[in-house]
Amino acid sequence: MNERKTPENGYQSRIWKRTIRLACWGGAWLAATALMKFGPKFLWNKALAFTLLAGLDVAVGVGMILANKTYLAELDDLQQKVYLNALGITVGVALIAGVPYSVMDYYHVTPFHAEIWHLLMLMSLTFSVSFLYSTWRYR
């Protein structure tokens, strides 16, 4: 039998492709960041030329931002609302938690140093929880 492709199937297909593209850019950024962090110490013994090349992390990050923008533009109104709410909550939590965390580190209140990956983990968890909660709430 010859099944016709419904508009919903076309939309789902486009969203799936954009999601995969966004995941690839995210993975590329993660790999470029890991290379920039660990490459000088473990791969090229702090050679300046290679360390500067690892700075291409910023270019990959710009690609990830553009992929995110394209993904967001492809979503329908409700999905955009859910996504933007999750992003807004994430930015708020990052600011509210990040500034005091940095100040506490500066004055040696915490027994460890404030690292950027702590904030990235908090942001990842915040986005995931708020996105999943909002998606569940609107179903």
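1. Let's start with helix α5. Part of the cover over the buried residues of α5 comes from α4, which runs over residues 77-106. Keep in mind as you read that this is a predicted model.

2. Which residues of α5 are buried? T126, S130 and S134 are buried in α5. If you look down the axis of α5, its buried residues fall within an arc of 50 degrees, so they line one face of the helix. There's a handy rule behind such patterns: an α-helix has 3.6 residues a turn, so residues three or four places apart point the same way.

3. Now turn α5 around. On the face that points away from its buried side you'll find W117, L125, V129, L132 and W136, and these residues are exposed. It's worth colouring the two faces of α5 separately on your screen, starting with buried T126, S130 and S134.

4. Zoom in on T126, which sits in α5, a helix covering residues 116-137. Is T126 buried or exposed? Its relative accessible area is 13%, and under 20% counts as buried, so T126 is buried. Setting aside residues up to four places away in sequence, T126 touches I89, T90 and V93.

5. How far does α5 reach? From its first C-alpha to its last, α5 spans 31 Å with its 22 residues, close to the 32 Å expected at 1.5 Å a residue. You can do the same check on α3: its 18 residues should span 26 Å at 1.5 Å a residue, and its end C-alpha atoms are 26 Å apart, which agrees.

6. On to the nonpolar core. Which residues make up the largest one? The largest nonpolar core has eight residues, namely Y11, I15, L22, A67, Y71, L72, L75 and Y83. Two helices, α1 (7-42) and α3 (57-74), each supply at least two residues of this core. As background, nonpolar side chains tend to be buried together in soluble globular proteins.

7. L75 is a good residue to click on if you want to explore that core, since L75 is listed as one of its members. Not counting residues up to four places away in sequence, L75 touches Y11, I15, Q80 and Y83.

8. Back to α3 for a moment. The buried residues in α3 are D57, V60, G61, G63, A67, Y71, L72 and E74. Among the members of the largest nonpolar core are A67, Y71 and L72, so you'll meet some familiar names here.

9. How does W25 fit in? W25 lies in helix α1, and W25 is partly exposed, with a relative accessible area of 32%. Leaving aside neighbours within four places in sequence, W25 is in contact with V60, G63, M64 and A67. Take the pair W25 and V60: they're 35 residues apart in sequence, yet 7.3 Å apart in space, C-alpha to C-alpha.

10. T33 is another residue of α1 to look at. T33 is partly exposed, with a relative accessible area of 23%. Along the chain, T33 and V58 are 25 residues apart, and their C-alpha atoms are separated by 8.8 Å.

11. Next, the empty space. How much space lies in the largest pocket? The largest pocket holds about 1,300 Å³. It is lined by 31 residues, and those closest to its centre are W29, L30, M64, L120 and S124. The elements giving two or more residues to this lining are α1, α3, α4 and α5. The largest share, twelve residues, comes from α1.

12. Then there's the loop between α1 and α2 (48-54), where you'll find L43. With a relative accessible area of 61%, L43 is exposed. Beyond its neighbours within four places in sequence, L43 is in contact with L35 and F38.

13. K46 is in the loop between α1 and α2 too. The phi of K46 is near 65 degrees, a positive value in a residue other than glycine. Why point that out? Most residues other than glycine have a negative phi. K46 is exposed, with a relative accessible area of 65%.

14. Finally, look at H108, in the loop between α4 and α5. H108 isn't a glycine, but its phi is positive, at about 60 degrees. With 63% relative accessibility, H108 counts as exposed.

Key:
Residues are numbered from 1 along each chain as its sequence is written. This is a predicted model: local features need pLDDT of at least 70, side-chain atom pairs count only at pLDDT 80 or more; totals for chains, interfaces and linings use all residues. Side-chain values use heavy atoms; hydrogens and water are left out. Helices (H or I, at least four residues) and strands (E, at least two) are DSSP runs, numbered from the N terminus. Buried means under 20% relative accessible area, exposed over 50%, partly exposed in between (1.4 Å probe, protein chains only). Contact means heavy atoms within 4.5 Å. A nonpolar core is a set of buried Ala, Val, Leu, Ile, Met, Phe, Trp, Tyr and Cys residues joined through side-chain atoms within 4.5 Å. The expected span of a helix is 1.5 Å times one less than its number of residues. The arc is that of the directions from the helix axis to the C-beta atoms. On a 1 Å grid over the protein atoms alone, a cavity is a set of points where a 1.4 Å probe fits but cannot get out, and a pocket is an open set with protein on both sides within 12 Å along at least five of seven lines; lining residues have an atom within 4 Å of a point. Grid points are joined across faces, edges and corners, and a volume is the space filled by probe spheres set on the points.
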